[in-house]
Amino acid sequence: VYKLPSGEVVAIYDDVTERRQAEERVEESEKRYRTLFDCSPISLWEEDFSAVKAYIDRLRQSGIKDVRAYFDDHPEAVALAAGLVKIVEVNETTLKLYKAESKEEFQGGVGRIFGEESYVAFKEELVAISDGKIRVDFDAPTQTLTGEKNQISLTWLVAPGHEETLSKVLVAIVDITGRKRAEEALRESELKYRQVVENATEAIFVAQGGAIVFANAMTTAVIGYSNEELIVRSFTEFVHPDDRRMVLERYRARMKGEELPVAYEFRVIQKDGA
């Protein structure tokens, strides 16, 4: 508003409706993002990797061409880089996952949940940053703030518009501790099963599609062929010609789900013709 010497008043107006609407849309978008962030069942982090990127850039400027080899030879540099990560925000699921009472407990960076084993995976992030990647997925061991070990599946993603500075990085973490334990238990069970089968006093073999895919030591001893000679050959090759039709009929019936006595007898031909 201006007052002229003549006493007249001049008012200049600027229509800010569009700007206000744009600001409201941004504010509404931020609210939706915040709601999704806070209420997500997945552990979500917002981090600032700008200091990490600056550190890696300095390494390259100093003449280091192979960043992976450098971090392999200098594990302390991996820990140093981890200390440069600034945690901006975490959601409620993160607090529960890592047994934290408040978000302030993460102000010290990722070092509290990372151990030496975790740095092996974190090194992949550093190499990805060096290569200009904007997304990395990996599994890693971490620990809660109370010291309990867990296994996580992590997605590291640079937020759009922050590719140059990495000042805003989004991290999603899924707890896979239970799955990893189940997989380990399954491996142990399979190992025990294989040891029992391979050392059994009975000849045991597995056929798929009519071909032998596994034979234990007693099978090779009974038939006289080596394991290499048995594998991927039709098991009917070792059945006596007079018993072959009966064996095939029973095999096909079992494949169709017909109920038949489990045990039955047939003759086999050994390698020496006996």
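**Backbone outliers, nonpolar cores and packing around helix α6**

Lys99 has a relative accessibility of 40% and is therefore classed as partly exposed. The model in which this residue was examined is a predicted one. Lys99 belongs to the loop that links α5 and α6, and its phi is positive, at about 55 degrees, although the residue is not a glycine. As a rule, most residues other than glycine have a negative phi. A further exception is Leu166, a non-glycine residue with a positive phi near 60 degrees. Leu166 is located in the loop between β6 (149–158) and β7 (169–175). With a relative accessibility of 4%, Leu166 falls under the 20% limit and so counts as buried. The two residues thus carry positive phi values in contrasting settings, Lys99 being partly exposed and Leu166 buried.

The largest nonpolar core comprises 43 residues, and the most contacts within it are made by Trp45, Phe49, Phe71, Phe106, Phe122 and Trp156. Helix α6 is the greatest contributor to this core, supplying 6 residues. Another core, of 9 residues, lies apart from it and includes Ile212, Ile223, Leu230 and Phe238. In soluble globular proteins, nonpolar side chains tend to be buried together.

Phe106, one of the residues with the most contacts inside the largest core, is situated in the loop between α5 (92–97) and α6. Its relative accessible area is 1%, so Phe106 is buried. When residues up to four places away in sequence are disregarded, the contacts of Phe106 comprise Trp45, Ile87, Val90, Thr94, Leu95, Tyr98, Ala100, Ile113 and Leu145. Trp45, which Phe106 touches, is likewise listed among the residues with the most contacts in the core. Glu92 precedes or follows Phe106 at a separation of 14 residues along the chain, and the C-alpha atoms of the two are 12 Å apart.

Helix α6 (residues 116–130) also takes part in two helix pairings. Its axis and that of helix α2 (residues 50–61) come within 10 Å and cross at roughly 65 degrees. The two helices are therefore roughly perpendicular to each other, and the crossing of α2 past α6 is right-handed. On the α2 side, Val52, Lys53, Ile56 and Arg60 participate, and they meet Leu126, Ile129 and Ser130 of α6. Classified by residue type, this contact consists of 4 nonpolar, 1 polar and 2 charged residues.

The second pairing involves helix α4 (residues 75–83), which packs against α6 at an angle of about 70 degrees with the axes 10 Å apart. On this basis, α4 is roughly perpendicular to α6. Val78, Ala79, Ala81 and Ala82 of α4 meet Tyr119, Phe122, Lys123 and Leu126 of α6. The contact of α4 with α6 contains 7 nonpolar residues, no polar ones and 1 charged residue. Leu126 takes part in the contact of α6 with α2 and also in that with α4. Phe122, which faces α4 in this contact, is named among the residues with the most contacts inside the largest core.

Gln143 lies in strand β5 (residues 135–143). Beyond residues up to four places away in sequence, Gln143 touches Tyr98, Arg112, Ile113, Phe114, Glu148, Lys149 and Asn150. Tyr98 and Ile113 are also contacted by Phe106. Although Gln143 and Gly115 are 28 residues apart along the chain, their C-alpha atoms are separated by 7.5 Å.

Terms used: Residues are numbered from 1 along each chain as its sequence is written. This is a predicted model: local features need pLDDT of at least 70, side-chain atom pairs count only at pLDDT 80 or more; totals for chains, interfaces and linings use all residues. Side-chain values use heavy atoms; hydrogens and water are left out. Axes are lines fitted to C-alpha atoms, for helices over the stretch in contact, and angles run from 0 to 180 degrees between N-to-C directions. Helices (H or I, at least four residues) and strands (E, at least two) are DSSP runs, numbered from the N terminus. Angles under 35 degrees count as roughly parallel, over 145 as roughly antiparallel, 65 to 115 as roughly perpendicular and the rest as oblique. A crossing is left-handed if the near helix is turned anticlockwise from the far one by less than a right angle, and right-handed if clockwise. Contact means heavy atoms within 4.5 Å. Ala, Val, Leu, Ile, Met, Phe, Trp, Tyr, Cys and Pro count as nonpolar, Asp, Glu, Lys and Arg as charged, and the others, Gly among them, as polar. A nonpolar core is a set of buried Ala, Val, Leu, Ile, Met, Phe, Trp, Tyr and Cys residues joined through side-chain atoms within 4.5 Å. Buried means under 20% relative accessible area, exposed over 50%, partly exposed in between (1.4 Å probe, protein chains only).
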